[in-house]
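Dear colleague,

I am handing over the structure we spoke about, and below it you will find my notes on what turned up in it. Please read them with the model open beside you.

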Amino acid sequence: MSFPLDIRTELKIGGVWTDVSADVRDSAPVTIERGRKSEGVRTDPTKVTLTLNNRHGKYSPRNPRSEYFGRFGLYTPLRVSVPGSESYLALTGDAADIASTPDTAVLDITGDLDVRTEVTADWMQSGVQVLMGKWDSTINQRSWLLYLSGGTLNLRWSTNGSVSFFASAYLPTLPRRAALRATLDVNNGAGGWTMRFYWATSLSGTWTQFGTYTAAGTTSIYASTAPLLIAPSTLTITPAWLPMRGRVHRAEVRSGIGGTAVANPDFRSLAEGTSSFADGAGRTWTLTGAATITDREYRAYAEVSKWPQSWDASGNDAWTSIQAAGIQRRLGQGKKSLQSTLRRRIPAGNPVAYWPLEEGKDATRAYSPVSDVTPLIVTGLDFESDDTLPGSSALPKLKNPASLRGSIPRATTAGWHVEMVYFLPTMPATQTEILRVTAAGSAMRTAVVYASTAGIRIEAQDTSGDVLAFFLFTNATAIADFTGVWNRLQIFTSDAGGGQTYLTAAWRNIITGGYWTSTTIFTGTQGAAVGVAGTWGANTTDMVIGHLAAFAVPGSGSTPGIAIYDGADDGFAGESTLARLDRLGNEESSTIDLVWVDGDVTRTSELMGPQRPNPLMTLLEECATTDGGILYEHRERLGLVYRDRSSLENQSVTLTLDYEAPGEIKAGSLLPVDDDQAVRNDVTVKRDGGAEARVVRESGPNSILPPEQGGIGEVEESVTMSLALDTQPPQIAGWRMHLGTWDEERYPIVPVQLHAAPHLIPSVLAMELGDRLNIINPPDTMPPGPIDQLAQGYVEKLARFSWDIAYNCTPAGPWDVAVLEDSILGRLATDGCTLNGSMTTGSTVANVISSPGPRWIDSATYGSMFPFDVTIGGEVMRVTSCTGTGLSQTFAVTRGINGIVKAHASGTAVQLTHPMRSAL
């Protein structure tokens, strides 16, 4: 990349991206602030500032003289980009935005198949992302389809154009840009077929297999008439399978495993704006919709939040210094709380009637969010009086007396299901009505559930109120489980055959999942539910009820046909962090575009407590706090990314800066800070609604000891977190204490001048929040390098002849965690070791004594585990051998591994340079 810098600023005016770069004034740089500030706890909304020439009022939103009048204003999308080193195919994820080549004979592969693609993708995006395929599901012209789903790579194929088969494998930890490959051996020579999955850093890289699947019986691939697409959609599935969203760099389709390439589009060298081209195999590709060839690297994507107008005294010059912000700013405006998990979930089950009963304390009726359903008529309900159910806002308690009556629109299908949540404090001594359902089109007019210490009774009554059938369930444990806990009561019918119907009452413990059923059978059809009612007195005083819903869905025997309450009833307590983020992303897809970056898709992230009604950003930040990762804004679209904790651990270095190299870091601008901003040595973590744990650093650097004893004194932290189990706080407190007592200077600002060191541009473009950077060859006034940091945020300034970026950093060292059997990260340290004699600068032998032990490994017994590094008085030495099998041992060492060689007194501490540290 050369200077002047080709900065492109675009506004989405009238729904079309419009290049306004010519109007961006050079007098002030385009400034981008992203991520955490140097002392921030969480990421801030992205902030973009720039100045536009406005002499003709073009950028005055309410100026009718503007050519853009009526097509822009507050929250107009803005994006800023610079040219990259190569082009790529940009896909939006919409079905119309694809690249295609027509069907031809060489693409009709019926035998072994080898499919490869190199992409930059959000691997953990919710839903299905189709990569490529020869597949048209609408007309049953299916050959094969390569796609991502839930952290897996999948290849699906058809033998007849309609029926399909597939195999999949979990993705390994991948860089953002990677090549994926799937091969299908239709006849493996052993009477079956075999699928294999591979990945590489590029399409020309060395392939690493990460999955295989073999099944009996040979197979084949249907020769469909569908074109080959990057990437097809499957709109016949709900939700639809859509093209991947991201970048495609190149792709290959081979006839035979490792065979001839019959299609191999390479987008890397194509000119920006190319809409049609021939690949190396002779296939002609055409782009449609908003799919584009571009080389742009996007530095920010935001929404304009301010259009200030300014002009000089003469009135001849005018400008607007606009400010744009990321999606977090808008999501934080107003901070409206999401509804309870039950209130949000139950409508997704298509109830014919639903009454949440979450009204305010002065309500006299209970409304229904289902259209054409009238409110419940109620008396004696003390609304908003109990908020102990995790999946609900406050619900009403019953007074004495109390009643409820509601109409259910009659469905045309046979069978029904009515459900509600309830808390009955104590079991009535005499038979007491709990709930009744009115039915039509059946010999049974009313279904009633009664409860008493004698049992739970389900009763079917005819139009006269006479009992057609009943069952009294007398199991003592089941009776005990009916009261004193939050339950869901289900009443439903199912076909018993022979003109008979099962009527079932079931109650499920919301916290433990315990489930009991009481079923009777009567002669007659199921009919349809048309009403619900309850009449209550002294026996049910203080009973809590809520989320009453009716569904036109029968059960199967004594098994209900509805499970929509599952999970939502307890606020999804016990849900993993990543599962909650995925669910919120799907539920709020119209509000946020959320993906997550995971270092290991098979890892179980921290389990969370119940999701309570809170603003969306609060819920998302709650996930980040619990798991310990970073929630930040996407820089290529208006969306959020969650980078989970495991992806921060044991990272490779993305950006290396050489302090001594000309231009890479301005002399005197790298200023370390040794302060207490991040220090926490007395950490208490409390589970919201549960137990707490306290972990204290008793000794050593940054411990609670006074300074004269090697510590700094007590620095406390207390935090309440959404956690599922009381076993979690001790581990999390220990991890937070580990981060808070890391003994290293921090570098709140690491400045880089890209105009002076343009060779760094590719690495800087690849940097994301949380990535690792190293500074080598620091000056002698600083600790020896490399200086190892994580980039938590940055301020970037782009101008025609300058490009500065200043990273906000924190030490990367505490994120290096144990890896079993690793030669460096898999070693345990001794519990105390010192020099047993002094060392001069020329000594190559170190006599050590361990107290209280264990001793160091000796090279005679463990020769394959040598060498390893130890740190003595700030000098890193490499231990090449160790003799002695007692607590007193002798090291043969190579000095000055970190560039420091000095004398050491007897009694100086000897520490393993890279001790094993357990991850959270």
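One aromatic cluster in this predicted model is formed by Y422, F471, F473, F482, W507 and W516. Two of its members, Y422 and F482, have ring centres 5.1 Å apart and planes at 40°, so this pair is classed as tilted. The pair joins distant parts of the chain, since Y422 belongs to strand β28 (residues 417–423) while F482 lies in the loop between α3 (476–481) and β33 (486–497), 60 residues apart. Both Y422 and F482 are buried.

The structure holds 22 aromatic pairs, and another of them is the edge-to-face pair of F868 and F891, with 6.3 Å from centre to centre and 90° between the planes. Here too distant parts of the chain are linked, F868 being in strand β51 (residues 868–872) and F891 in strand β53 (residues 888–894), 23 residues apart. F868 has a relative accessibility of 4% and therefore counts as buried; F891, at 1%, likewise counts as buried.

Rings also meet charged side chains in two places that you may wish to look at. R79 lies over the face of W17, at 4.1 Å from the ring centre, and the charged end of R181 sits over the ring of Y198, at 4.8 Å from its centre.

Turning to the nonpolar cores, the largest has 69 residues, of which L89, W123, W144, I230 and L620 touch the most other members. Helix α5 (residues 616–627) gives the most to this core, contributing 6 residues. If residues up to four places away in sequence are left out, W144 touches a list of residues that includes L113, V115, M132, W135, L155, W157, I221, L228 and V253, and also K134 and R156. A second core, separate from this one, has 65 residues, among them L395, L398, I408 and A478. As a general point, nonpolar side chains in soluble globular proteins tend to be buried together.

Helix α5 itself can be checked with a short calculation: at 1.5 Å a residue, its 12 residues should span 16 Å, and because the end C-alpha atoms are 17 Å apart, the two values agree. The buried residues of α5 include L616, M617, L619, L620, C623 and A624, together with T626 and D627. Just after α5, G628 takes a positive phi of about 90°.

With best regards

Note on methods. Residues numbered from 1 in each chain as written. Predicted model: local features only at pLDDT ≥ 70, side-chain atom pairs only at ≥ 80, totals over all residues. Heavy atoms only, no water. Phe/Tyr/Trp six-rings, centres within 6.5 Å; stacked < 30°, edge-to-face > 60°. Helix = DSSP H or I, 4+ residues; strand = E, 2+ residues; numbered from the N terminus. Buried < 20%, exposed > 50% of the residue type's maximum accessible area, 1.4 Å probe, protein only. Lys NZ or Arg CZ within 6 Å of the ring centre and 35° of its normal. Core = buried A, V, L, I, M, F, W, Y, C linked by side-chain atoms within 4.5 Å. Contact = heavy atoms within 4.5 Å. Expected span 1.5 Å × (residues − 1).
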